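Welcome to my notebook. I have a structure to look through, and I am jotting down what I find as I go.

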Amino acid sequence: PRVAPLAPPPAGDITALAVLPPLPGSTAGARALVAVGGRISVCDALGATVVATPTPGLSRIAHLAVSACAGFVAAVTDDGRVTVWAADFGRALSEFTTAADTAPTAAAWCGADAVALLWPDLVLVVGPYGDWVRYDIVGGAALAEEVDGVRVVAAADHSLLRRVPDELAATLRPGSTAASAALADARKALDAGDAAGAAGLRGLP
């Protein structure tokens with residue numbers, strides 16, 4: 001394959017860098033996302049274009065992360081602010097402030113649904129609607145992206161974080177009326193020797 005050099009980024013200290021692969025069906029090649037101070041530029045063979053300024057004049061961008069599907073880009077600033085855009089940077093999809101005293105040491109996508117932020121003693125997973133969940137860790141770790149999640153790799157073990165499938169959520173959600181939830185309740189009753197389990201099975205659609 002022929003390798004085309006990319007245009008140089010805008011002048012200044014580069015604080016974060018990521019590769020934006022071509023979207024399906026696009027004739028454009030891979031591009032580089034470059035953060036210089038508080039601005040994000042897209043560099044391709046034709047030139048460099050500033051596409052976003054998450055926090056004008058407030059803080060620099062510490063991390064850039066592109067989702068595995070190449071549809072979303074997340075930027076994390078030094079003051080712990082997370083902004084997510086569509087890959088074409090047409091609009092910001094969400095913003096979240098961690099209120100942390102220090103910037104995370106790493107950022108990675110958890111599938112295409114959430115962004116994982118790593119500090120020495122915790123992982124914070126931020127969802128698209130401002131929802132978040134915290135996981136405490138001991139001894140430091142690293143983040144490794146997967147297609148459907150993110151691995152938290154420590155010295156002695158690792159964990160795979162990923163979105164709960166919709167079908168499983170519908171089954172286990174408290175008060176769910178899904179047929180799968182009724183089947184699970186009936187199974188529990190049968191295992192406990194409760195006659196209500198048989199009645200529950202007969203009532204399934």
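In which sense do strand β10 and β11 pair, and over how many bridges? I looked this up first, keeping in mind that the model is predicted. Strand β10 covers residues 114–119, and its pairing with β11 is antiparallel, over 5 bridges. I picked out one facing pair here: leucine 118 is opposite valine 123 of β11. The link from β10 to β11 is a hairpin through 2 residues.

**Entry: the other partner of β11**

Next I followed β11 to strand β12, residues 132–136. These two strands also pair in the antiparallel sense, over 5 bridges. Leucine 124 has arginine 134 in β12 as its bridge partner. I then checked the connection: β11 and β12 make a hairpin with 5 residues between them. Glycine 130 sits in that turn, with a positive phi of about 85 degrees. A friendly reminder to myself: strands of a sheet pair through backbone hydrogen bonds, either parallel or antiparallel.

**Entry: is β11 covered or not?**

I wanted to know how many residues of β11 (122–126) are buried. The strand is mostly covered, with 5 of its 5 residues buried. Leu122, Leu124 and Val126 point one way, while Val123 and Val125 point the other way, and all are buried. So my leucine 118 note comes back in: the valine 123 opposite that leucine is one of the buried residues of β11.

**Entry: a four-stranded sheet**

I moved on to a sheet of 4 strands. It is open, runs in the order β1-β2-β3-β4 and has antiparallel pairing. At its edges I found β1 (14–20) and β4 (48–52), each pairing on one side only. From one strand to the next, the twist averages 30 degrees. I looked more closely at β1 and strand β2 (residues 31–36), which pair over 6 bridges in the antiparallel sense. There, alanine 16 is opposite alanine 35 in β2.

**Entry: helix α2**

How far apart are the end C-alpha atoms of helix α2? They are 18 Å apart, which agrees with the 18 Å that its 13 residues (179–191) should span at 1.5 Å a residue.

I then asked which of its residues are buried, and noted Ala181, Ala186 and Ala189. Viewed down the axis of α2, the buried residues fall within an arc of 135 degrees, so they line one face of the helix. On the other side of α2 I found Arg187, Lys188 and Asp191 exposed. Just after α2 comes glycine 193, with a positive phi of about 75 degrees.

Technical notes. Residues numbered from 1 in each chain as written. Predicted model: local features only at pLDDT ≥ 70, side-chain atom pairs only at ≥ 80, totals over all residues. Heavy atoms only, no water. Pairing = 2+ DSSP bridges. Axes fitted to C-alpha atoms, helices over the stretch in contact; angles between N-to-C directions. Expected span 1.5 Å × (residues − 1). Buried < 20%, exposed > 50% of the residue type's maximum accessible area, 1.4 Å probe, protein only. Arc of directions from axis to C-beta.
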